[in-house]
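Please look over the model below before reading on. The points that follow take up one sheet and the helices, and can be checked against the structure one by one.

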Amino acid sequence: MAEAHQAVAFQFTVTPDGIDLHMSHQALAEIYLSGVRSWKKRIIGLKNSVITGVYPVSPSSWLFVVTAILATMYTRSDPSMGLIAKIQEHLPVSQSMSNQCQTLVSAVLFSTMLWLLLIFTMRMCLKQLLSYHRWMFEKHGKMSNTTKVWVALVRIFSGRKPLLYSYQGSLPNLPVPAITDTVQRHLESVRPLMNDTEYERMTQLSLEFEGGLGKRLHWYLKLKALWATNYVSDWWEEYVYLRGRGPIMVNSNYYGMDFMYVTPTPIQAARAGNSLHAYFLYRRKLNKEELKPWMLRSAVPCCSYQFKRMFDTCRIPGTLTDTVQHWQDSDYIAVYHSGRYFRLRMYHAGRLLSPKEIEFQIQKILDDPSPPSKGEAKLGALTAGDRVPWAKARTKYFSSGVNKQSLDYIEKAAFFVCLDDDEQGGVADDPTRLDSYAKSLLHGKCFDRWFDKSFTVVYFKNGKMGLNGEHSWADAPVLSHAWQYVLSTDCFQLGYNAEGHCKGEVDSSLPRPQKLNWEIPPECEEQISGSLAAAQALADDLDIHVFAFEEFGKGKIKRCRVSPDAFIQLALQLAYYRDQGRFCLTYEASMTRLFKEGRTETVRSCTNESSAFVRALEAGEAADVCRRLFQEASEKHQHLNHMAMTGAGIDRHLFCLYVVSKYLRVESPFLKQVLSEPWRLSTSQTPVQAEFFDIVNYPEYVSCGGGFGPVADDGYGVSYCAMGERLFNFHVTCKHSCPDTGAHTFGVQIRKALRDLLQLLCPNQTELTKREGKRPESKKDL
């Protein structure tokens, strides 16, 4: 194999005439350039570590402090109040050093200590300032004087031009809520879901827990919070994600979709060329920490910890628990096409391949006529099935030889790429194709994605693309940030020529993509078939419906003086009640990234206020009464969301108390009851990065968003996103095996609920809805 020979820098053979040495100058050059690239990355990392380590001051401020101290000493005054002299007395120096030189060294040491004390003081001040959260509970547009002063102080102590991880040392730790508050808020959240008898029993369990075992468990949890960076995140990753023994496909992984109305090019290889180049541009920015930290209201930083494991990361199966492995900067990607796996290097001669060169390499893979090895075609099904069989198969069949080498190439790749032979993507005249598109991204054929990789990018035959994300290493908004950067860079910066191909030239010396080799024994093939059968049954049971709601968007909702998120959540409550004739425990994901290593918290969207509003509306109460109840429910939802974001949620606290009880091997009827309650309606909002898209001038270039599978067998999963001011996208999932649920039926109920709520709140504006909700037309041509 040519690529195998290229990988060897030198070879030698022993002959009767001596040693015959052959050297590959190309391989040596590649090794040299790879080393240069690695050292450049280390130097940049070291520089960024210094800048981040001294933030919120700059490294150059050290010179300013030293100069100021020396200048003050020159005026014959002692700014150190005798400390410099003390340092000089204990300075271990040579007798040859003059007294003046000793004084200079002592002054520099004092200046350095003063500078470090300044850094520590500013960081502690910033940490205390960031622990203030009352600003979040103030009405929008009405900022108190206290908050104005607080914002000014935050900006003063925040320094200038922060890097991605600059705020990590200044973020506060997630607080542990009081046990009394958590128990009381839980009781309030379950009241609309229980009759009087059930609620009385839950109240009794709560009181017994709060006054007894709860205090003991809470004490251990507070002890953990004293030394742990975040008292929730490590257990959340371990027990919610990595210890799950069922398939992660559908159950845990999620998907993201391409543009809704446009396809930048119909050429599969060209689309891959631009977007893969954009992904590596994003990784370069990530490695250099050039991405801006996420800020709320342009002043409050969010934790950036989750970005660290986006690339070069894979979930490794285990018999008891999986692990997340993160490697150093990989210079290649793993590619799947027509049952074969390839290793595609993304760098050549020390530089990143151009989009045209990547297109050229991808086309080589597409044109490769070689058949898959025996057992290779459906190998990916192992990552789609149950975790224990995959862990055992990995240990038995992939721990040595050619199988281990090929598996390492996949697991250590920057990310995984699938070149799909199908055509997918929604079109304006056939919106039902969005359903097929979403199913393909979420599970594909159950063997053509590598579900363990941090993310898989899928390119379809007609130029559409999408992604599948593994959930344990980070939450969807982090991967969504990279995805939206890639979509924007692909179309608005890189672009295509008139024929739809990538721009640029191709270096003719590029090595061919390396086809991976496998030796799959019959016993392993049987295991692959078993995993595929389990995954296929899960995929076949998935019912999914994706639709764009174009009648109105968040712009009209905000004109009604209502939070768009609260509006949609109440619409979902109304839709579910009409669909099922009851209320259910509702999960809405909220972030806790205002705290160090924060991930998510739950907003329990089904409240006493929301259920009272839905019942009143369905009973035909007067419009004024319904509007008042809606306002109360909306304000309650916003309050719960703010509580969750500021560390006062209830579900992560209860989850950690349950983990402690398991460590102590004690049983709690209260915690057992709480954690057995099913989330029949699980919801999440996909954030849209306004910095990447100009929706006003390019309204056609809006993404479909993304979604996830249902959490409960008899429940719904609903993901939604607001695209601009005039459009909502919804992703609804459930299971065919449940006779009481249907994704399309629930989609109809969501549309009707949205219309009914707008009619209730703004009856005079609904006449304009149809006209305003027409599909946007692009103001500019690319």
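**Notes on the sheet and helices**

1. In this predicted model, strand β9 (residues 340-345) has 5 of its 6 residues buried, so the rest of the structure largely encloses it. Buried here means under 20% relative accessible area.

2. Strand β9 pairs with β8 in the antiparallel sense, over 6 bridges. One pair to look for is isoleucine 333, whose bridge partner in β9 is leucine 344. The hairpin of β8 and β9 has 2 residues between the strands, and in this hairpin serine 338 takes a positive phi near 50°.

3. β9 also pairs with β15, again in the antiparallel sense, over 2 bridges. Here phenylalanine 342 stands opposite lysine 515 in β15.

4. Where do these strands sit in the sheet? The sheet is open, has 8 strands with mixed pairing, and follows the order β15-β9-β8-β12-β13-β14-β3-β20. The strands at its edges are β15 (514-515) and β20 (706-708); each has a single partner strand, so one side of each lacks a neighbour in the sheet.

5. Further along the order, β13 (residues 455-459) and β14 (residues 465-469) run antiparallel and are joined by 5 bridges. To find the register, start from threonine 456, whose bridge partner in β14 is asparagine 468.

6. Which helices lie across β13 and β14? One of them is α11 (residues 268-287), which also lies across β8 (332-337) and β12 (416-419) and runs at about 150° to β13. Another is α15 (residues 433-443), which lies across β3 (254-257) as well and runs at about 130° to β3.

7. A separate point concerns a pair of helices. The axes of α7 (residues 179-190) and α8 (residues 196-211) come within 10 Å and cross at roughly 170°. The two helices are therefore roughly antiparallel to each other, since an angle over 145 degrees counts as such.

8. Which residues make the contact between α7 and α8? From α7 come Ile179, Thr180, Val183, His186, Leu187 and Val190, and they meet Tyr199, Met202, Thr203, Ser206, Phe209 and Glu210 of α8. Sorted by class, this contact of α7 with α8 has 7 nonpolar, 4 polar and 1 charged residues.

Notes. Residues numbered from 1 in each chain as written. Predicted model: local features only at pLDDT ≥ 70, side-chain atom pairs only at ≥ 80, totals over all residues. Heavy atoms only, no water. Pairing = 2+ DSSP bridges. Helix = DSSP H or I, 4+ residues; strand = E, 2+ residues; numbered from the N terminus. Contact = heavy atoms within 4.5 Å. Axes fitted to C-alpha atoms, helices over the stretch in contact; angles between N-to-C directions. Parallel < 35°, antiparallel > 145°, perpendicular 65-115°, else oblique. Nonpolar A, V, L, I, M, F, W, Y, C, P; charged D, E, K, R; others polar. Buried < 20%, exposed > 50% of the residue type's maximum accessible area, 1.4 Å probe, protein only.
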